[in-house]
Amino acid sequence: MGLTHIVPYFILQVRRDHVVIDTLNRVLAGQMLIAESASDSSNSRVFKKPLKIIFDGEDGVDAGGVRKEYYQLLTKQLLDPSYGMFNYQEDSKYLWFNPHGFENEQEFELIGLMIGIAIYNTIIVDLKLPMVTYKKLKGRKPNFNDLMALQPTVAKSLLQLLNYNGDDFEDVFYGMKFEITTEIFGTPVTIELIPKGSDINVTKENKYEYVDAYVQYILVDSIKTQFDAFARGFKKICNNQALDMFHYEELELLICGNPVLDLNDLKKGTKYEDGYTAECDIIKQFWQVALEFNEDEKKLFLKFISGSDRSPIDGLSELKFVISKSGSESDESINLRLPSAHTCFNHMLLPPYSNIDILRTKLKYAINH
């Protein structure tokens, strides 16, 4: 009797130029295996195995860097507003589910699934979604503060409405109904916030009901199909039992990393290669400059070396940052070169500049460009 070959990894073989469609096909194949399994309830384990990425036509062992690069490619395409799945909110800098895109539910489910897989593989995902996303995953009802975080300009105008108590309220807000006008593929469309909303005036007596209906529409009703698919994919990996372990703020940290950046902690976990050591003058000068960074510069620097402006949840020492020597002191043009980085491996190439002023100038230029 032969032995069944058990693959210890969830393997994704994808083409760089077709990351989304190849991932979708592989995930659908995995779901078919689950559906055909006798132990259907537990076999989402196929997605909970350690993730291994293979780029078509490329050699290389996935020791973590390839997975990170894969997620950068996947999320860059799926979350790009031009792809149509998410809209960019100019005043908050967040992305939000596009209620009127052409994409089918499978792609939203794919994002949820891959975020769940990232959690199991301790991969930080650059996910510019607001906190209300994680509240909804936890089953919490969105409120006005969530709208303020996502669409502050809209929320402030609604707050003016709520705060106005003059006797001329109906004159000031004349013509306002329980409806919202939005643009769908370039055409203005009016949507009722409640049944027969187009026939109901907003008054002092019902203004709170109007704002509640507005919040419900933007954060729940208008994106129900898209968000439900996203949540369905996520919960195939992180079921309710796993979700119960975390508050929604902790869930956001787990997925996106910690926004608090301690570069001293990064320094503790840093390794040096190609002739550099912690005692080299250039390395001491580098840390002197880095530790002077303000908060915005810290984010730019971390993005430069790792592709994300957030820390692993356990701290920057877990990043396994590497600094290698790039060039030689004898090179007359060494002071003209810029630092560079392999973000997939948290690896920075630092030229041996002749003094700290040049190092500071070149490093700041590199992280800003």
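**Exercise 1. Find which element gives the largest share of the lining of the largest pocket, and describe that pocket.**

Solution.
- Step 1. In this predicted model, α3 contributes nine residues, the largest share of the lining of the largest pocket.
- Step 2. The volume of the largest pocket is about 1,300 Å³.
- Step 3. Its lining consists of 45 residues, and Lys68, Thr122, Ile123, Ile124 and Leu319 are the closest to the centre.
- Step 4. Two or more lining residues come from each of α3 (65–78), α4 (105–120), α12 (248–256) and α15 (295–306).
- Step 5. By residue class, the lining of the largest pocket holds 20 nonpolar, twelve polar and 13 charged residues.

**Exercise 2. Describe the second largest pocket by volume, lining and composition.**

Solution.
- Step 1. The second largest pocket encloses about 400 Å³.
- Step 2. There are 20 residues in its lining, and those nearest the centre are Asn87, Pro99, His100, Gln151 and Thr182.
- Step 3. The elements that supply two or more residues to this lining are β3 (86–89), β4 (94–97), β5 (179–184) and α9 (207–219).
- Step 4. Among these contributors, β5 gives the most, with five residues.
- Step 5. The lining of the second largest pocket splits into ten nonpolar residues, nine polar and one charged.

**Exercise 3. Locate Lys136, state whether Lys136 is buried or exposed, and test for a salt bridge.**

Solution.
- Step 1. Lys136 belongs to helix α5, which covers residues 131–137.
- Step 2. Lys136 is buried; the cut-off for this class is under 20% relative accessible area.
- Step 3. The nearest side chain of opposite charge is that of Asp228, 6.3 Å away.
- Step 4. A salt bridge requires a side-chain nitrogen of Lys or Arg within 4 Å of a carboxyl oxygen of Asp or Glu. Lys136 therefore has no salt bridge, with Asp228 at 6.3 Å.
- Step 5. With neighbours within four places in sequence set aside, the contacts of Lys136 are Trp96, Pro142, Leu219, Val220, Ile223 and Phe227.

**Exercise 4. Summarise the protein chain by secondary structure, dimensions, burial and contact separation.**

Solution.
- Step 1. The chain contains 16 helices and ten strands.
- Step 2. Along the principal axes, its C-alpha atoms fill a box of roughly 80 × 70 × 40 Å.
- Step 3. The chain has 369 residues, and 45% of them count as buried.
- Step 4. Among contacts with a separation of 6 or more, 69% join residues 24 or more positions apart.

Note on methods
Residues numbered from 1 in each chain as written. Heavy atoms only, no water. 1 Å grid on protein atoms, 1.4 Å probe; cavity = no way out; pocket = protein on both sides within 12 Å on 5 of 7 lines; lining within 4 Å. Points joined across faces, edges and corners; volume = space filled by probe spheres on them. Helix = DSSP H or I, 4+ residues; strand = E, 2+ residues; numbered from the N terminus. Nonpolar A, V, L, I, M, F, W, Y, C, P; charged D, E, K, R; others polar. Buried < 20%, exposed > 50% of the residue type's maximum accessible area, 1.4 Å probe, protein only. Lys, Arg positive; Asp, Glu negative; His and termini not counted. Contact = heavy atoms within 4.5 Å.
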